[in-house]
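Reader: I have a protein model open on my screen and I am not sure how to read it. Could you walk me through it, one feature at a time?

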Amino acid sequence: MTMSKPARAVGIEISGVNLSYGSTHVLKDIALSIRPGEFFAFLGPSGCGKTTLLRLIAGFAQAQTGQVLLDGQDVAPLPPWKRDVGMVFQSYALWPHMTVAKNVAFGLEERRLPRGEIDRRVAQALELVGLSAFAERRPAQLSGGQQQRVAVARTIAIEPKVLLLDEPLSNLDAKMRVSVRRELRALQQRLGLTTIFVTHDQEEANTICDRIAVMDGGKIQQVGTPMELYEHPANLFVANFLGSANILDEKSGVPIPPGKRLVFRPQHAALSAPESAALRGPVTHREFLGATVRYGVRLGESEVLIETPFQSGSELRSVGDQVGVDLPPRRMLFLPA
Ligand SMILES: Nc1ncnc2c1ncn2[C@@H]1O[C@H](COP(=O)(O)OP(=O)(O)OP(=O)(O)O)[C@@H](O)[C@H]1O
């Protein structure tokens, strides 16, 4: 590997950020600290402000209040091209009439680097993304995943201190998404580059990122590792957005403190004999998923999902059967309603 690691990865500190477009308050009191070399995700549903926050860091959007520090330096006075930030957009739009090498060289030529330096960086960037053999092809002669890698090569050739990826896998089919995201992770680790990955896909965020900021309605709901968010969601939105969750109120017949909801994961409960169980009800539906079987069970006015491991020979419950629901106390989360 010839491309050098950045001398020192940089951290990002965001504080007190509010950003509105007209009367639309898009980012609300954003505070966030991203560590040097971290692979970080902004995860949330469409319209929650992920892209806007990324654009703010890149310098394509301006906040009314607050600060963005890159490596301790306030970037407010710096235009995008002076921020050492590389952004890969959702529509990675390569120039169709240029070869792969030319596409990667384009930004370097704009920066008027010497020819030898441009050639060196293009060769290194293509090597990093495994496309050295494709330098003379045109984008139309590449697969979607390869085109995506050219877009990444084009950005890392600039040698940014921070890499921003805005839903970079959304144009790929499901299988390609899985392989390209692994490549992205490996590349990020090799470069040790502070990276932010925007996605609305929790599996994508969980599988490749060190930490995630879950966003909704322009606010950061929680920041944590994928496991922390899954095991200790701070609120109902996070519980529901990361993995499936049963959310019960008092109408379920389960004793729940006022103002709270009971939350538990489908695989954290088990089915038992109804006679000995505190919670019981009829099976409303059953889905065979291979390794597990997912049951719907009615509890009072609510329905919960319960996922049980399946082994061949396991006895299955049928729709209409009365079952007990066993829920270990340590798996019960009581979150604000
Ligand atoms: N230039 C703009 N002018 C006015 N409103 C905007 C502008 N850019 C974004 N918005 C609004 O800001 C909100 C957040 O948009 P943003 O693109 O950041 O969301 P997102 O979470 O990235 O969504 P998606 O996943 O759909 O891209 C949306 O309601 C959007 O309509």
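Reader: Let's start with Gly253. Is Gly253 buried, exposed or partly exposed, and why?

Author: The idea is to count neighbours: 20 or more other C-beta atoms within 10 Å make a residue buried, and 12 or fewer make it exposed. Gly253 has 15 other C-beta atoms within 10 Å, so it is partly exposed. Keep in mind that this is a predicted model.

Reader: Where in the chain does Gly253 lie?

Author: Look in the loop between β11 (246–248) and β12 (260–264).

Reader: And which residues does Gly253 touch?

Author: Leaving out residues up to four places away in sequence, Gly253 touches Leu299 and Gly300. You can also compare distance along the chain with distance in space. Gly253 and Glu301 are 48 residues apart in sequence, yet their C-alpha atoms are 7.9 Å apart.

Reader: How does that idea work for the whole protein?

Author: You take the contacts between residues at least 6 apart in sequence and ask what share joins residues at least 24 apart; in this protein that share is 66%. Burial can be totalled too: 35% of the 337 residues are buried.

Reader: How many helices and strands should I look for?

Author: The protein has 8 helices and 18 strands. Its C-alpha trace spans about 80 × 50 × 35 Å along the principal axes.

Reader: How do I read a sheet?

Author: List the strands in the order they sit side by side, then check their directions. One open sheet holds 6 strands, ordered β6-β7-β8-β3-β9-β10, and its pairing is mixed. At its edges are β6 (85–88) and β10 (219–224), each paired on one side only. From one strand to the next, the twist averages 20°.

Reader: What packs on that sheet?

Author: Helix α1 (residues 50–58) does, touching β3 (39–43), β6, β7 (162–166), β8 (194–199) and β9. The direction of α1 makes about 150° with that of β7.

Reader: Can I zoom in on one pair of strands?

Author: Try β9 (residues 211–216) and β10, which run antiparallel and are joined by 5 bridges. There you will find Ala213 opposite Val223 in β10.

Reader: What about the sheet that contains β1?

Author: That open sheet has 4 strands in the order β2-β1-β4-β5, with antiparallel pairing. β2 (24–34) and β5 (73–74) are at the edges with a single partner strand each, so one side of each has no neighbour in the sheet. Inside the sheet, 5 bridges join β1 (residues 12–21) to β4 (residues 65–70). Glu13 stands opposite Leu69 in β4.

Reader: Now the ligand. Which residues are around it?

Author: To read a shell, name the residues first, then see which elements supply them. Around the ligand are Tyr21, Thr24, Val26, Gly44, Ser46, Gly47, Cys48, Gly49, Lys50, Thr51, Thr52 and His200. β2 and α1 are the elements that give two or more residues to this shell, and α1 gives the most, with 3 residues.

Reader: How does the shell around the ligand divide by class?

Author: It has 3 nonpolar, 8 polar and 1 charged residues.

Reader: Does a database record say anything about this chain?

Author: An unreviewed UniProt entry lists residues 12–242 as "domain: ABC transporter". In the model, that span is 36% helix and 26% strand, and its end C-alpha atoms lie 25 Å apart.

Note on methods
Residues are numbered from 1 along each chain as its sequence is written. This is a predicted model: local features need pLDDT of at least 70, side-chain atom pairs count only at pLDDT 80 or more; totals for chains, interfaces and linings use all residues. Two residues are in contact if their C-beta atoms, placed from the backbone, lie within 7 Å. Two strands pair if DSSP finds at least two bridges between them. Axes are lines fitted to C-alpha atoms, for helices over the stretch in contact, and angles run from 0 to 180 degrees between N-to-C directions. A residue is near a molecule or strand if its C-beta atom, placed from the backbone, lies within 6 Å of it. Ala, Val, Leu, Ile, Met, Phe, Trp, Tyr, Cys and Pro count as nonpolar, Asp, Glu, Lys and Arg as charged, and the others, Gly among them, as polar. UniProt positions are given in the numbering used here, feature names are shortened, and annotations may be inferred rather than shown by experiment.
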